[in-house]
Amino acid sequence: AVVFSLLVSASAQYNTNSKMVGASSSLDFGLFSQKDDVSGEKTSIYNCDLSPKVAYFIQNRLAFGGEMNYSMGRSKVEGSEPSKNTAWTLGPFGRYYYKTVSGFVPFGEAGIGFGRDINKLTDFSGSEITIKHNIFYAKAGIGASVFLADNFTLEGMLSYRWEKAKNPEGGGSHTTSGLMLGLGFVFYFDYLEKGGGGDGIR
């Protein structure tokens with residue numbers, strides 16, 4: 001009875017004019033790689049990130065919003081010291097929720113954005129070098145949410161992310177891509193509770 005009550009109440013959270021606020025963290029588990037666009041050299045990257053997001057349901061099940069991402073990474077080229085990378089990106093995203101399956105709500109998500117990263121590495125003389133890049137990225141993924149309360153979910157998502165980074169000063173560029181597994185939470189603000197309308201999601 002408790003599970004049924006949660007599912008019925010949760011269905012309203014995906015109605016037109018509802019809102020969502022949440023955050024997630026992702027790890028790549030070594031599935032990210034970076035390729036220099038000039039030399040073609042590939043580098044393995046270990047990356048994790050934190051992504052707060054907000055969105056508005058423009059129609060039942062379909063939400064659009066904005067996401068900010070902060071990531072930290074580490075890479076190593078054979079014969080050199082590991083380099084450290086931090087990046088900020090910001091961009092729009094869209095998410096579509098499907099019908100509930102055994103208490104879980106599957107969804108698909110895609111987004112694009114821009115940002116900036118800072119790479120710090122040590123050259124052969126032992127000096128630290130800082131290189132900055134402008135970033136454009138695109139991502140897409142699938143996931144599922146489970147309601148723990150009327151307006152609160154835990155969610156997981158497997159996504160593919162592609163990045164193009166260019167150095168505006170030195171002219172170098174590289175491409176980064178790979179899979180990431182994320183876990184997060186979302187709060188929903190239900191328009192129906194304020195007298196709105198909509199048939200929700202079942």
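In this predicted model, H133 touches G115, R116, D117, N119, A165, K166, N167, P168, G172 and H174, once residues up to four places away in sequence are set aside. H133 lies in strand β7, and its relative accessibility of 7% means that it counts as buried. One of these partners, G115, sits 18 residues away along the chain, with 8.6 Å between the C-alpha atoms of G115 and H133. A second buried position worth a look is S26, which has its place in strand β1, residues 19–27. S26 counts as buried because its relative accessibility is 10%. Beyond its neighbours within four places in sequence, S26 is in contact with N47, C48, D49, M180, L181 and G182.

These two residues belong to a chain with one helix and nine strands. Read from the N terminus, the order of elements is α-β-β-β-β-β-β-β-β-β. Of the 202 residues in the protein chain, 40% are buried. Among contacts between residues at least 6 apart in sequence, 62% join residues at least 24 apart. The accessible surface of the chain is about 11,000 Å², and carbon and sulfur atoms account for 63% of that area.

The interior offers a good deal to explore. The largest nonpolar core has 13 residues, of which Y14, M20, F57, Y97 and Y188 touch the most other members. Strands β3, β5, β6 and β9 each supply at least two residues of this core. Ring pairs also link Y14, F57, Y97, F107, F147 and Y188 into a cluster. Y14, F57, Y97 and Y188 thus appear both among the core residues that touch the most other members and in the ring cluster.

In total, the structure holds 15 aromatic pairs. One of them joins Y70 and W88 in a tilted arrangement, with 4.7 Å from centre to centre and 45° between the planes. This pair links distant parts of the chain, as Y70 is in strand β4 and W88 in strand β5, 18 residues apart. Both rings belong to partly exposed residues: the relative accessibility is 27% for Y70 and 48% for W88.

Charged side chains provide another set of links. A search of the whole structure finds eight salt bridges. In one of them, the side chains of D37 and K164 meet with an N to O distance of 2.9 Å. The two partners are 127 residues apart, D37 being in the loop between β2 (32–36) and β3, and K164 in strand β8. D37 counts as partly exposed because its relative accessibility is 33%, and K164, at 24%, counts as partly exposed too.

Two further salt bridges have buried partners. E109 and K53 meet through their side chains at 3.0 Å, N to O. The bridge connects strand β6, which holds E109, with strand β3, which holds K53, across 56 residues of sequence. Both E109 and K53 are buried. E155 forms a salt bridge with R95, and here the closest N and O atoms are 2.9 Å apart. E155 belongs to strand β8 and R95 to strand β5, with 60 residues from one to the other. E155 and R95 are both buried. These four residues, together with E67 and K139, are linked in a network of salt bridges.

On the surface, L27, F29, L31, I112, F114, F136, I142, L158, Y160, W162, L179 and L181 make a nonpolar patch of about 1,200 Å². Strands β6 (104–122), β7 (128–149), β8 (152–166) and β9 (173–189) each supply at least two of the patch residues, and β8 gives the largest share, with three. F136, one of the patch members, lies in strand β7. Its relative accessible area is 30%, so F136 is partly exposed. L181 is another patch member, and it is also one of the residues in contact with the buried S26.

Finally, two loop residues stand out in their backbone angles. Most residues other than glycine have a negative phi. R61, in the loop between β3 (42–59) and β4 (62–75), has a positive phi near 80°. S102 likewise has a positive phi, of about 50°, without being a glycine. S102 lies in the loop between β5 (83–97) and β6, and it counts as exposed because its relative accessibility is 71%.

Methods. Residues are numbered from 1 along each chain as its sequence is written. This is a predicted model: local features need pLDDT of at least 70, side-chain atom pairs count only at pLDDT 80 or more; totals for chains, interfaces and linings use all residues. Side-chain values use heavy atoms; hydrogens and water are left out. Patches are made of residues with over 30% relative accessible area and no salt bridge: like charges are joined within 9 Å, nonpolar side chains (Val, Leu, Ile, Met, Phe, Trp, Tyr) within 5 Å. Accessible areas come from the Shrake-Rupley method with a 1.4 Å probe; for residues, only the protein chains shown count as cover. Helices (H or I, at least four residues) and strands (E, at least two) are DSSP runs, numbered from the N terminus. Buried means under 20% relative accessible area, exposed over 50%, partly exposed in between (1.4 Å probe, protein chains only). Contact means heavy atoms within 4.5 Å. A nonpolar core is a set of buried Ala, Val, Leu, Ile, Met, Phe, Trp, Tyr and Cys residues joined through side-chain atoms within 4.5 Å. Rings of Phe, Tyr and Trp (its six-membered ring) pair if their centres lie within 6.5 Å; planes under 30 degrees apart count as stacked, over 60 as edge-to-face and the rest as tilted.
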